[in-house]
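Please examine the sequence and the model shown below. The discussion that follows turns on backbone geometry, solvent accessibility and charged pairs.

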Amino acid sequence: MQHLTINRLLSECQHGFMEGRSCTTQLMECLEIWTSILDNGGSVDAIYLDYAKAFDKVPHERLLRKLYGYGVRGVVLDWIRSFLSERRQKVVINGESSPWADVLSGVPQGSVLGPLLFVCYINDLPEVVHTTVRMFADDTKIFTDVSIPENQRELQDDINRLLAWADKWQLTFNADKCKVMHIGSNNPGHDYEMSSEVSNVVLEETMVEKDLGVNIDNQLKYSQHTEIKVNKANKLLGMIRRSYTYIDPESMTILYKSLIRPHLEYAHAVTYPRYEKDANLIEGVQRRATKMIPQLKDLSYTERLTALKLPSMYYRRGRGDMIECYKYLHGKYNVQPLLPCSDIRTTRGNSLKLAKVRSTVLLTAGR
């Protein structure tokens, strides 16, 4: 990994299993591009690609050739070859087992090295794409401004190029699970297809797509995502209520922080609620959780938070946004900076004052 990082061999489009990058950084980059296109009066078509058993189909010899091309040679390459070769597996059900079968392809899942080997194998994918591509391991999407017909044709050509690339490197796309999302009120709604020797599949249009754990709709709003996460959190609260006959403050705080709150705060920088009703839904989960403690249920919500030393969810989101802002401004993330600094230089203040960018899209959305 150090060799790949120092020599800048890994694609800038890849955010998976890389230091200083995450699901949130990938989503933030995509949203920055999409909102900029919409703000300029354009429309976006995003193609969500789905590999068929991606980690299991990586051919070992071709992977080793790619690693050799990236400068991984000598003892290290021999060790990786030994790590991949002569693996066998069997299935055991109710004490009965199948015969041993040789594993002829795929990277070992659950291992530390497996994800990195897969990232190396698909590292050259962006080189065949002319539109914009972003990846998180095997989660890949390509997109472009489709306000002019030429870009629509270019996006279709990129799909064809990716099919040829996948065929060359013995990976296949599951065409039935690949989707297209038309973003923008003036989007022409062009159809895209995946053609092969045996089938011709028109990609299904999706209004809401689960993208790295975030449900994104074609209006770039997150009310549906909030509802899904709140419902999930409420179900977990019900499970806790059924599992415990008595809940003391310390136990409930631990359960809430470990099982409930992560669902509500995942990718908060992306899904920050625009509308008060969504913010109230999120706050309501914490309100119900604190009221499940018998000795605190007669206190007000504010008093319950004080007794449990819990901040409100509204405060947590504001604090989280400031932390994200700090990471971008101070280079803690290994990505292009998204926050523009002000060009105004005065004798007072600091050099990291942010520029306030006017956005028609966000104003229209009410954010």
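Is A267 buried or exposed at its 6% relative accessibility? The structure under discussion is a predicted model, and in it A267 counts as buried, because its relative accessibility of 6% falls under the 20% limit. This residue occupies the loop between α8 (249–265) and α9 (268–271). Although A267 is not a glycine, its phi is positive, at about 50°.

A positive phi also occurs at E86, again a residue that is not glycine, with a value of about 60°. E86 is placed in the loop that runs between α4 (74–84) and β2 (88–89). Its surroundings are described by a relative accessibility of 80%, so E86 counts as exposed, whereas A267 counts as buried.

The charged side chains form a second theme. Side chains of opposite charge can pair when their charged atoms come close. Over the whole structure, a search finds 11 salt bridges.

One of these salt bridges joins the side chains of D211 and K141, with a distance of 2.9 Å from N to O. D211 belongs to strand β12 (residues 208–211) and K141 to strand β7 (residues 139–145), so this pair ties together parts that are 70 residues apart in sequence. Both partners have little accessible area: D211 counts as buried at 5% relative accessibility, and K141 is buried with a relative accessible area of 2%.

Other pairs lie within a single helix. E150 forms a salt bridge with R153, and the closest N and O atoms are 3.7 Å apart. Helix α6 (residues 149–168) holds both E150 and R153, which are three residues apart, about one turn of the helix. With 47% relative accessibility, E150 counts as partly exposed, because this value lies between the limits of 20% and 50%.

Helix α6 also contains R161 and D158, likewise three residues apart and thus separated by about one turn of the helix. Their side chains meet in a salt bridge with an N to O distance of 2.4 Å. The two partners fall into separate accessibility classes: R161 is partly exposed, with a relative accessible area of 26%, while D158 counts as buried at 0% relative accessibility. Elsewhere, R8, E12 and R21 are joined into one network by salt bridges that share partners.

Methods
Residues numbered from 1 in each chain as written. Heavy atoms only, no water. Salt bridge = Lys/Arg side-chain N within 4 Å of Asp/Glu carboxyl O. Helix = DSSP H or I, 4+ residues; strand = E, 2+ residues; numbered from the N terminus. Buried < 20%, exposed > 50% of the residue type's maximum accessible area, 1.4 Å probe, protein only.
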